[in-house]
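Let's take a walk through a protein and its ligand. Have the sequence and the 3D view ready as you read.

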Amino acid sequence: MMKTALTIAGSDSGGGAGIQADLKTFQELGVFGTSAITALTAQNTVGVQGVFPASTEALEAQITSVLDDIGADSVKTGMLFDSERIEITASFAEKGRLPALVVDPVMVSTTGAELLKEEARSTMTEKLFPHASLITPNIPEAEMITGMSGSSLQIRKEMARELLKYGSEAVLLKGGHEPDAATITDILFDGAEFHYLSVEKIETKHTHGTGCTYAAAVAAFLAQSKSMKDAVFAAKQFIHQAILHAHSVGEGAGPVHHAA
Ligand code: PLP
């Protein structure tokens, strides 16, 4: 039987990030994808022109409909918008209904739009992180959560340790936002071992949807019962190819190519 993955995230009308990126990624990786939309964004490659949250009733009803019938072998969260929507999501996790949960702690889009209200950051770290199998912060998100900064490997490892204290089973600290690096290194830490995923940096402005796609790929591989380490390494290959073959559509940052 085909494995299933649920994404709880925002819609990107531009098709590059959010729910759209997640569903395309699930499809490409052979997993049946379902969705619960937290907010609609009016968005293109240039920026986010509007954010329209789904009602809390709508969010709860979508998750319930999917889980009561189809179920989920893994779950990924993206843009959660505010504390109320995080609390609804966390209430399903508390009941054990969100297995293999990958939390992408989306806060601000690359173009600067607020995708999570500032007041909701602590709700996310305190109420959702403890239920996660994996959290996938990039460097700016990790800095905001931990209050730490610095780019040495030692500091990155300490950051990963600090992030794990919020209670997830593992942390994937993504290095893609390192400004001057020729090599990008992501760090996977599960409390016991550090794993390093290094690739040569791809010089392109077309990276829209990178974070969503990477986390969705991990969720897809977890749904297929890969170990966390294997799922993250396979997802890293997928996202690297996706950036290499990104689309130059629109005037701004084009979307990554969601294809295996
Ligand atoms: N829009 C939505 C709905 C998202 O979930 C995200 C990221 O998670 C973005 C936009 C931002 O994408 P990017 O920063 O890659 O442009």
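We'll start with confidence, then visit the ligand, the core and one helix.

This is a predicted model, so local features need pLDDT of at least 70, side-chain atom pairs count only at pLDDT 80 or more, and totals for chains, interfaces and linings use all residues. Residues are numbered from 1 along each chain as its sequence is written. The protein chain has a mean pLDDT (the predictor's confidence in each residue, from 0 to 100) of 96, and 100% of its residues reach 70 or more. The model also scores ipTM 0.93 and pTM 0.97.

Now find the ligand. It is surrounded by 18 residues, each with its C-beta atom, placed from the backbone, within 6 Å of it. The closest are G10, G18, M79, S109 and T110. Two or more residues of this shell come from each of β1 (4–12), β2 (32–43) and α7 (210–223); these helices (H or I, at least four residues) and strands (E, at least two) are DSSP runs, numbered from the N terminus.

Next, the largest nonpolar core: 71 residues. A nonpolar core is a set of buried Ala, Val, Leu, Ile, Met, Phe, Trp, Tyr and Cys residues joined through C-beta atoms within 7 Å, where buried means that 20 or more other C-beta atoms, placed from the backbone, lie within 10 Å of a residue's own. A217, V218, A219 and A220 touch the most other members. Helix α7 gives this core its largest share, eleven residues.

Finally, look at α2, which covers residues 56–69. Just after α2, G71 takes a positive phi of about 75°.

Methods. A residue is buried if 20 or more other C-beta atoms lie within 10 Å of its own, exposed if 12 or fewer, and partly exposed in between; C-beta atoms are placed from the backbone. The expected span of a helix is 1.5 Å times one less than its number of residues.
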